[in-house]
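Colleague: I am new to this structure and would like to go through its side-chain contacts. Please give the reasoning behind each label.

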Amino acid sequence: MKKIDPHTPVETLKVHVTGRVQGVGYRLATVRRAHLIGARGWVRNNDDGSVEALVQGSPDQVDQMLEWLRQGPPGARVIDLTTETQFSDRRYEKFEQN
């Protein structure tokens with residue numbers, strides 16, 4: 001996977017997704033989608049049944065990920081999705097499941 005140019009502007013968003021998003025392949029499908037789009041970051045399950053993700057990439061990549069995260073894979077039912085902009089100098093190298 002190619003590295004992000006340190007001079008290229010990137011957006012970093014923390015995403016919180018609620019609904020039927022555990023036990024339906026949501027995290028694995030999110031990783032696959034991120035790899036297709038070229039977004040970086042991570043996704044993990046929370047103890048309360050929600051899913052949390054950190055999405056980093058160009059504004060277009062982040063928008064594409066958010067659009068997909070609102071739907072999820074077949075079997076998922078997203079009730080709510082909230083985002084919070086993260087200000088960080090860290091550049092993630094890939095997207096992974098935690």
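Modeller: This is a predicted model. In it, a network of salt bridges links Lys14, Arg44 and Glu52.

Colleague: What makes the contact of Glu52 with Lys14 a salt bridge?

Modeller: Their closest N and O atoms are 3.2 Å apart, and the cut-off is 4 Å. Glu52 lies in strand E3 (residues 51–57) and Lys14 in strand E1 (residues 11–20), 38 residues apart, so this pair links distant parts of the chain.

Colleague: How do you know that Arg44 and Glu52 meet in a salt bridge?

Modeller: The N to O distance between their side chains is 2.9 Å, and the limit is again 4 Å.

Colleague: Why is Glu52 called buried?

Modeller: Its relative accessibility is 13%, and buried means under 20%, so Glu52 counts as buried.

Colleague: Why are Lys14 and Arg44 called partly exposed?

Modeller: Lys14 has 27% relative accessibility and Arg44 has 31%. Partly exposed is the range between under 20% and over 50%, so the label applies to Lys14 and Arg44.

Colleague: How many salt bridges does the whole structure hold?

Modeller: The search finds three. One of them joins Glu96 and Lys94, with the closest N and O atoms 3.6 Å apart.

Colleague: Why is the aromatic pair of Tyr26 and Trp68 called tilted?

Modeller: The structure holds one aromatic pair. The ring centres of Tyr26 and Trp68 are 5.8 Å apart, within 6.5 Å, and the planes meet at 45 degrees, neither under 30 nor over 60, so the pair is tilted. Tyr26 is in helix H1 and Trp68 in helix H2; both residues are buried.

Notes: Residues are numbered from 1 along each chain as its sequence is written. This is a predicted model: local features need pLDDT of at least 70, side-chain atom pairs count only at pLDDT 80 or more; totals for chains, interfaces and linings use all residues. Side-chain values use heavy atoms; hydrogens and water are left out. Rings of Phe, Tyr and Trp (its six-membered ring) pair if their centres lie within 6.5 Å; planes under 30 degrees apart count as stacked, over 60 as edge-to-face and the rest as tilted. Helices (H or I, at least four residues) and strands (E, at least two) are DSSP runs, numbered from the N terminus. Buried means under 20% relative accessible area, exposed over 50%, partly exposed in between (1.4 Å probe, protein chains only).
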